[in-house]
Every structure is written in C-alpha cells, then in structure tokens.
Amino acid sequence: MTKRILSCMQPTSHLHLGNYLGALKNWVRLQDEGGECFYGVVDLHAITQPYERDGLLDATREIAAAYIAGGVDPDKSALFVQSSVPGHSQMMWLLATIAQMGKLERMTQFKDKAGKHKERAGLGLFAYPVLMAADILLYRATHVPVGDDQKQHLELARDIASTFNTRYNVAHFIQPEPYIMGAATRVMSLRDATQKMSKSAESDMSRINLTDDADMIAKKIRKAQTDPEPLPYALKELENRAGALNLVTIYAALADSDKEAVLKEFGGKAFSEFKPALADLAVARLAPMTKRMNELMGDKAEIDNILRKGAVRARAVADPMIAETMEIMGFWK
Ligand code: TYM
C-alpha cells in the first residue's frame, strides 16, 4: 500500500531548527521515498492565539517557501494552505461532536499555551487538537511525520478515528501512525536546554531561525548553554548535561549521523572546539535553504501559484471525504 503522508506547520513565526530537524527533513525523505504527500500551512491553527492580522499572508507564504527551500517538491507533493480547503473546518465540526472534553482537557499543549488564565483562553485554542485531527483524518493519512511534541495530539486523532468508526459501525477513518524519526525529534532551547526550542520563547537567542544569516547562527551557537567539561566519549555520560546533549543531538541530525558517532569524533574535546565545528555545519546546511527561501519570497505570485495548484489537489481528496463522512452521519443531501 502506498503511504499517504500528511503533515503541517503553523504560520505563527519564522520556522526554526527544531521544525526543520524534527519534521521538515523527514517530510522530504518520505516524499523522495515515493509516498503520496500532502503538506499544509495551517493558518486556521495560527489564529488560535493573538496574531498580527497584516502579517498572516506573508507568514503563510514564508512557511510554504521554507518547505520548498527545505526540499519539498511541489510537483511531487501537494503543498496547500489549510484555509483554502473548506473541508478542514467542516471536518473539524463533525469531529467536535465525537471528541470528548475530558480528553481535550488532558492536552499538555493547551495547558502550556493557555497558561494561568485558562478561563480566558479561546474555544479555538481548546479545540485546536480536534482541528488537527480533522487535518489528518480528512486525507486518510497513514503516516504523520512530526516532532515528539505532537505525539499526544496524534493519539487523540487516533482515538477520534476509532470512536467515529465504532459509533457509526464503519471502517471509514484510517488510524494514522505518528512518524517521529531521526536524531533530533525534540530540539531543545539554546538558552535553557530543559525547554524545547520554540517559536514562542521570548529570547530569539534560544532558537536558530531558518531566516538567520551565518553570523547570527554562529553567534547563537557560541552563546548556547553548555558546561565547562569537555565532551565525553560515551552517550550515557551526557545524561545530566542537557545543554551538551542538545548540541550533540543537533550536530548528529545536521550531519545525518547519530550521537554515538559524534562523540567518537569529538569525545575529549572542549566546547571551544566543538561549537565552531557545529556552527560551520549548521551554516553549511542552512545557508543554501535561507538563500532559496529569500529568492522564493521575492516572487510571491509564484508561491501563490504553487499554493493554488496544491489546493486543487488537496480538495480533490478532501471534498469527497466530507461528502462521504456526512452521508455516514446521516445528513440530508
Ligand atoms: P508547529 O507549527 O508547532 O511545528 C511544526 C513541526 O515542527 C515540530 N517541532 C519540533 N520538532 C523537534 N524539536 C522541536 N523543538 C520542535 N518544535 C516543533 C512539530 O512537532 C511539528 O511537527 N499542531 C502542529 C501543526 C499541525 C499538524 C497538523 C501537524 C496542525 N495540523 C496535522 C501534523 C498534522 C504544530 O503546532 O506544529
């Protein structure tokens, strides 16, 4: 059976190294292995928290440009904007009647994002995982390549799929498999390696953005949190050295290698030697992407063209799926 791959990112800010290593890099691999791929820019998710109205359009295009610059081929993969495929919102409502409040209340991302003032959070933020389940189930995706932080949302999508199938006594939705792969499924903040690298962290020094230039990348790595010890020879010895482990993890992922191999090369060496090597590697990998992204952003009409074609391909799957789902649920047509 051909794999049907679906994954998405939010146009909330610039993409960072975690998004690339934890997700995008795997998207490209799955595409090149011949999967049928749908990659979305989820703008409806992006508005679940305060956002800048006038920046949304370009943020959406920038994410699409990052996909292409990172290796997504719009001829092979359908690259689309979530809001341009009405099925996402429609499916969300249908699934909202299946999703249980108790399960949604357990979602850690909601708790993190809502913070102390849960009662002031919008319904959209609470229902965010249901929209994500809709994104996935709408395409009957078999595999969903994401970073480690999306695991819980994927479990909910699987749960909604099986509850629906049981309630209506059908084999309609497919159970999507999370695809959490590679050396860096959870890239940590460069400032505080107990926190994941994120778009929303206050300090820009905590993350490497795909828009950063070579100097900025080198500076952020130079200042990254580590400790005074040299790198060990064995991975086990990195257990209580979160900052060091994070940099080794990043190196391994960028080099398409693994952490053991990195320690074989750098064991016994000081960070004054390892950090410049990591900076060189990061620049070598990211600079061509940044350049391509900037070129693409110089021709927005072309990006829009690609997204329009992607939407047609996405709708060809999504529209009949909505019709079928509504028929199963007994709606008038
Ligand atoms: P988003 O936009 O926060 O992140 C996009 C992707 O990047 C991964 N990621 C990371 N991976 C490793 N280390 C990190 N520090 C790191 N930070 C982020 C995320 O796991 C994700 O794969 N809810 C999703 C968007 C979404 C979606 C979907 C994903 C909406 N619908 C359907 C898959 C399928 C999100 O917020 O991603």
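**Entry 1: helix crossings**

A crossing is right-handed when the near helix is turned clockwise from the far one by less than a right angle, and left-handed when the turn is anticlockwise. I wanted that written down before opening the model, which is a predicted one.

First pair I checked: H7 and helix H8, the latter spanning residues 151–168. Their axes come within 9 Å and cross at roughly 65 degrees. That makes H7 roughly perpendicular to H8, because angles of 65 to 115 degrees fall in that class. The handedness I noted for H7 passing H8 is right-handed.

Next pair: H1 and helix H10, where H10 covers residues 242–254. I got axes that come within 11 Å, with a crossing at roughly 45 degrees. H1 is therefore oblique to H10. This crossing, H1 with H10, goes down in my notes as left-handed.

**Entry 2: who sits around the ligand**

I then moved to the ligand and pulled its shell, which has 26 residues. The closest are Tyr128, Asp135, Gly147, Asp149 and Val187. Sorted by class, the shell came out as 12 nonpolar, 10 polar and 4 charged residues.

**Entry 3: polar pairs and burial**

Which ligand atom does the side chain of Asp135 approach at 2.6 Å? I found a nitrogen atom there, paired with a polar side-chain atom of Asp135. For Tyr128, a polar side-chain atom lies 2.6 Å from an oxygen atom of the ligand. Asp149 also made my list: an N or O atom in its side chain is 2.4 Å from an oxygen atom of the ligand.

How much of the ligand's 710 Å² does the protein bury? I read off 96%, where 710 Å² is what the ligand exposes taken alone.

Last, I looked up which elements give two or more residues to the shell around the ligand. They are strand E1 (4–9), helix H1 (17–32) and helix H7 (123–137). So my two crossings tie back to the ligand: H1, which crosses H10, and H7, which crosses H8, are both among those elements.

Terms used. Residues are numbered from 1 along each chain as its sequence is written. This is a predicted model: local features need pLDDT of at least 70, side-chain atom pairs count only at pLDDT 80 or more; totals for chains, interfaces and linings use all residues. Side-chain values use heavy atoms; hydrogens and water are left out. A residue is near a molecule or strand if one of its heavy atoms lies within 4 Å of it. A polar contact is a pair of N or O atoms within 3.5 Å; within protein, one must be able to donate a hydrogen and the other to accept it, and residues adjacent in sequence count only if both atoms are side-chain atoms. Accessible areas come from the Shrake-Rupley method with a 1.4 Å probe; for residues, only the protein chains shown count as cover. Helices (H or I, at least four residues) and strands (E, at least two) are DSSP runs, numbered from the N terminus. Ala, Val, Leu, Ile, Met, Phe, Trp, Tyr, Cys and Pro count as nonpolar, Asp, Glu, Lys and Arg as charged, and the others, Gly among them, as polar. Axes are lines fitted to C-alpha atoms, for helices over the stretch in contact, and angles run from 0 to 180 degrees between N-to-C directions. Angles under 35 degrees count as roughly parallel, over 145 as roughly antiparallel, 65 to 115 as roughly perpendicular and the rest as oblique.
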